[in-house]
Amino acid sequence: MSKTIVINGKECAFDGNKTVLQIARDNGFYIPSLCYHPKLGPASKCRVCVVEVDGIRNLQTSCSLTATDGMIITTDSPRVLDAQRMVVNLLLANGNHNCMICERNGDCELQEAAYHLGIELPAFIVEEREDKDESGAFIVRDVNKCIQCGRCIEACNRLVVNEVLDFGFRGGHTQVVCDGNKPMGESTCVQCGECVQVCPVGALIEKKAIGKARSWEITKIRTTCPYCGVGCQQELHLKGDQIVRVKGVEGAKPNDGHLCVKGRYGYDFIYSKERLTTPLIKKNGKFEEATWDEALDLVADKFKQIIKESGPDAIACVSCARSTNEDSFYMQKLFRAAIGTNNIDHCART
Amino acid sequence: MTNSFGEFENAKLFFLIGTNMTEAHPVASYYVKRAKLKGAKIIVADPRYQALAKKADIYAQIKVGSDVAFINGLMNVLITENLYDKKFVEENTEGFEEMKATVMKYPPEKAAEISGVSADLIREIARTMAAIKPGMLCYTLGITEHTCGKNNVMSTSNLQMLLGNMGMESAGVNPLRGQNNVQGACDMGALPNVYPGYQAVTDPKNKEKFEKAWGVNNLSDKVGLMIPDMMHALTTKKVRAFYIFGENLARTDPNITHVEHELESAEFLVCNDIFHTETTRFADVIFPAAAWCEDEGTFSSSERRLNRVRKIKDAPGQAMPNWWIFKQLAKRLGHEWTSNSAQEIWDNEHSMVAPAFAGIKYHRLEGDGLQWPCPNEEHPGTKFLHKDGKFTRGKGLFKGIEWTPPAEVADAEYPLVLSTGRRLVHYHTRTQTGRCGLDRVLDDKTGLNQMMSEERVDMSAADAQKLGVKHGEYVKVSSRRGAVKVRAKVTDEIPAGMVWMSFHFSEGNANWLCNNVFDPETKTAEYKACAVRIDKI
């Protein structure tokens, strides 16, 4: 690496164009940042990521400050910490940040900043509460927890380009609004959930996840979406064998954290009480429960009889375009190698 | 897809024909829209003025089923105005003169007459595509679901070869696949003509190879039946036993009355499924299967990328993985298979017999997976195909293609053209999305507060006015094959003379109306075009 900056006395080498925040993170320094998201780039709105730079009089926002060779940075001076505390205290005052019952407790970037800065009680009086917007099918908006970092707006307009969210009203009344201040459920929002994905606090949460698990109970597993052919990578948040929520995998190909309404919220069919749980054999027009041996024997015997009487081409199958490759492989192997026919197809061309 | 989703964002030009990505492949559409924010030109050809059409720089509202004539018109302009990529054509293709002879019969005025797109706009699109290179062509089922589906597909590759838009980044012919693993089911040889990895069943060398791999000596060298022929053979008893694995043919196939008659005719019907469906009603035996999240495995996406799927829970009750069920049946038919997991099937079986997949092993599939072709374990996978204009068959082959109309066109009795497809919040026949609360998403934000809990017929304001139909009112839609009662959704997406429906709901399913006619070669049904009428109730 060709260039170096010094952060809190430590030499940190880097290459190319990088911000001070990126280099600090690469080197294990925590600087709170609320409006910055790696996918969205610098925003310099919230001012919580300020640092001191030798030779520059004012504090600088590290998320937008491009590092230059030899720069000397301080992230933990009283001046920096006081400024960061002031920002977080003002954000805490602007709404109702009750961590005790918040879904994001333990996974909240504002809470993390307050903890890091040692803010036990907000320094200012909390404003009156406003009603949550629960009109969206899958997303709950809680303006009381919004810190107006603007990530959701940027994501909605620049990443998924659905162009629903924006800031509405002015000054102290500023709020994030859908389509010029409609309830989310009546707006043109298609519930893709990108805003939830990037929200640093509990202002945008998944309705289905409410009350299901605390953040520290969650295990995460990467898998592939079962719907269309894009192959989006999902991060399942699990409590035991229950999916609590689905997030997109940040940085993954092809979707870099993005999902659609089906991929993000269409998961719970697997828990349906209507699932088939036992082999069924139709007798006198009605399905009756059977053992695996009974059902498998019946099918195999019938196939053997038909092969004997009419040849293997009197059996045909339609395979599944939703199930795994390995299932498809064994289906065609069953028909080709065990039955002896190429009568195998699926909805390949539709 | 010849190319990859990762190339979308930096593409300079998109030509989107017969693809409503916003609803059918939403995440892909984000990248198209982002490319536009970065300055890419978007050309959309679609009968519906859908969301991407509204964002397009150039929108061509082509008539349903006119794609071949429209594309021939574009190629006519490229050739007559000398705008095509002569170097690419000379070096990498053959059949140009034959294709040219056909294309010369489609001057823009003739293409305009058939497609409803003005000759000037056809010229503008051709000139734009020639000026901005490379360009990515994407299509979906708007191209394939016609009696001329194969010809439509060949027209798209004719166009991209003529422009030299092949074998490089942000170019190519890119069909977005509808199901999560329809690409994989093809890759695995769940097709009547090829073994896994696209190896023809008619080639004696392949027969010998697979007989050796599978320890058998009875592999058939005869191409098998395609779905419509299988279904028909149920009624003639030529096919006596029918095995349906995870498909709901009774609602996904055209002309439901006829399809149900065919299923009813089966002497013996077996289903693997995770739910009862309209199709399992006809079964003699149903095997309960593990679902997504209940078994390890892989999916192949549209961009030929192998991705892992993971098990997080056991299947409910006695339900078992599908591969296990097939293995047990094979055992009873006298075949002992040794693999005992998805990984063993992939690593020890599929990747050993399919050369394009030989380098893909489970241990390489952590993270972002791999794109085939991937012939050996050192190979990084293939981002885009036909690099430097080198095609699989050697030279890219142009084909002269004549336009043919849909099998059924509007007439006095059935004056409207019905086209069909998918809507955003549902997937196919809702066996899954119908159980996730997706019905609660509002479909219509214009005041009617309609939840997406029932089908509707999308129609133009002009036709609604002519028929005296109000937005939200129940109407009867009928074709020569059936009739459904659905609400009318009056929308600016639909031109006069056309209506549009989906196949998500059991009642009001478009397939009660659709025409069971097929492309002669691919046997793909003409879901995109039939004639209907609308009557007030």
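## Working through a two-chain model

Arg85(A) and Asp82(A) pair up through their side chains in a salt bridge, with N and O 3.1 Å apart. That contact opens the exercises below; keep in mind that this is a predicted model.

**Exercise 1. Work out where Arg85(A) and Asp82(A) sit along chain A, and whether each is buried or exposed or in between.**

Step 1: find the element. Both residues belong to helix 2 of chain A, which covers residues 78–93.

Step 2: look at the spacing. Arg85(A) and Asp82(A) are 3 residues apart, about one turn of the helix. An α-helix has 3.6 residues a turn, so residues three or four places apart point the same way.

Step 3: check the accessibility. Arg85(A) is partly exposed because its relative accessibility is 29%. Asp82(A) also counts as partly exposed, because its value is 46%. Buried would need a value under 20%, and exposed one over 50%.

**Exercise 2. Take the salt bridge between Glu294(B) and Arg275(A): which elements flank the two residues, and what does the pair join?**

Step 1: get the distance. The side chains of Glu294(B) and Arg275(A) meet at 2.8 Å, N to O.

Step 2: place the partners. Glu294(B) is in the loop between strand 11 (285–288) and strand 12 (297–300) of chain B, while Arg275(A) is in the loop between helix 6 and strand 13 (280–283) of chain A, so this pair joins two chains.

Step 3: check burial. Glu294(B) and Arg275(A) are both buried.

Step 4: set a second pair beside this one. Glu303(B) and Arg305(B) form a salt bridge with their closest N and O atoms 2.9 Å apart, and both residues are buried. There's a network to note too: Lys39(A), Glu194(A), Glu250(A) and Arg264(A) are linked by salt bridges that share partners.

**Exercise 3. How many residues does each chain bring to the contact, and how many salt bridges cross the interface?**

Step 1: count residues. Chain A puts in 117 residues and chain B 146 residues.

Step 2: look at the area. The size of an interface is often given as the accessible area lost when the parts come together. Here about 11,300 Å² is buried between chain A and chain B, with carbon and sulfur atoms giving 62% of that. On the chain A side, Leu276(A), Trp292(A) and Tyr330(A) lose the most area to chain B, together 7% of what that side buries.

Step 3: count the salt bridges. The rule finds 10 across the interface of chain A and chain B, and a search of the whole structure gives 60 over all chains. Another salt bridge to look up is Asp293(A) with Arg332(B), at 2.6 Å from N to O.

**Exercise 4. Follow chain B from Ser220(B) into helix 13: what does Ser220(B) touch, and what do the buried residues of the helix pack against?**

Step 1: locate Ser220(B). This residue is in the loop between helix 12 (204–214) and helix 13 (227–236) of chain B. Ser220(B) counts as buried because its relative accessibility is 14%.

Step 2: list the contacts. Beyond neighbours within four places in sequence, Ser220(B) contacts Gly340(A), Thr341(A), Asn342(A), Tyr195(B) and Val201(B).

Step 3: move on to helix 13 of chain B. Its buried residues are Ile227(B), Pro228(B), Met230(B), Met231(B), Ala233(B) and Leu234(B). They pack against elements from both chains, among them strand 15 (315–318) and strand 16 (344–345) of chain A and helix 15 (256–265) of chain B.

Step 4: see how the helix ends. Just after helix 13 of chain B, Lys237(B) has a positive phi of about 70°.

**Exercise 5. How many cavities of 30 Å³ or more does the structure hold, and which residues lie nearest the centre of the largest?**

Step 1: count. There are 3 cavities of 30 Å³ or more.

Step 2: describe the largest cavity. Its volume is about 110 Å³. The lining has 15 residues, with Cys156(A), Leu165(A), Cys189(A), Cys192(A) and Cys195(A) nearest the centre. By type, the lining splits into 11 nonpolar, 3 polar and 1 charged. Helix 4 of chain A gives the largest share, 3 residues.

Step 3: do likewise for the second largest cavity. This one holds about 90 Å³ of space. Of its 13 lining residues, Cys225(A), Cys228(A), Cys232(A), Cys260(A) and Val27(B) are closest to the centre. Helix 6 (261–265) of chain A and helix 2 (26–37) of chain B each give two or more residues to this lining.

Notes:
Residues numbered from 1 in each chain as written. Chains lettered and ligands numbered in written order. Predicted model: local features only at pLDDT ≥ 70, side-chain atom pairs only at ≥ 80, totals over all residues. Heavy atoms only, no water. Helix = DSSP H or I, 4+ residues; strand = E, 2+ residues; numbered from the N terminus. Buried < 20%, exposed > 50% of the residue type's maximum accessible area, 1.4 Å probe, protein only. Contact = heavy atoms within 4.5 Å. 1 Å grid on protein atoms, 1.4 Å probe; cavity = no way out; pocket = protein on both sides within 12 Å on 5 of 7 lines; lining within 4 Å. Points joined across faces, edges and corners; volume = space filled by probe spheres on them. Nonpolar A, V, L, I, M, F, W, Y, C, P; charged D, E, K, R; others polar. Buried area = accessible area lost by both parts, 1.4 Å probe. Salt bridge = Lys/Arg side-chain N within 4 Å of Asp/Glu carboxyl O.
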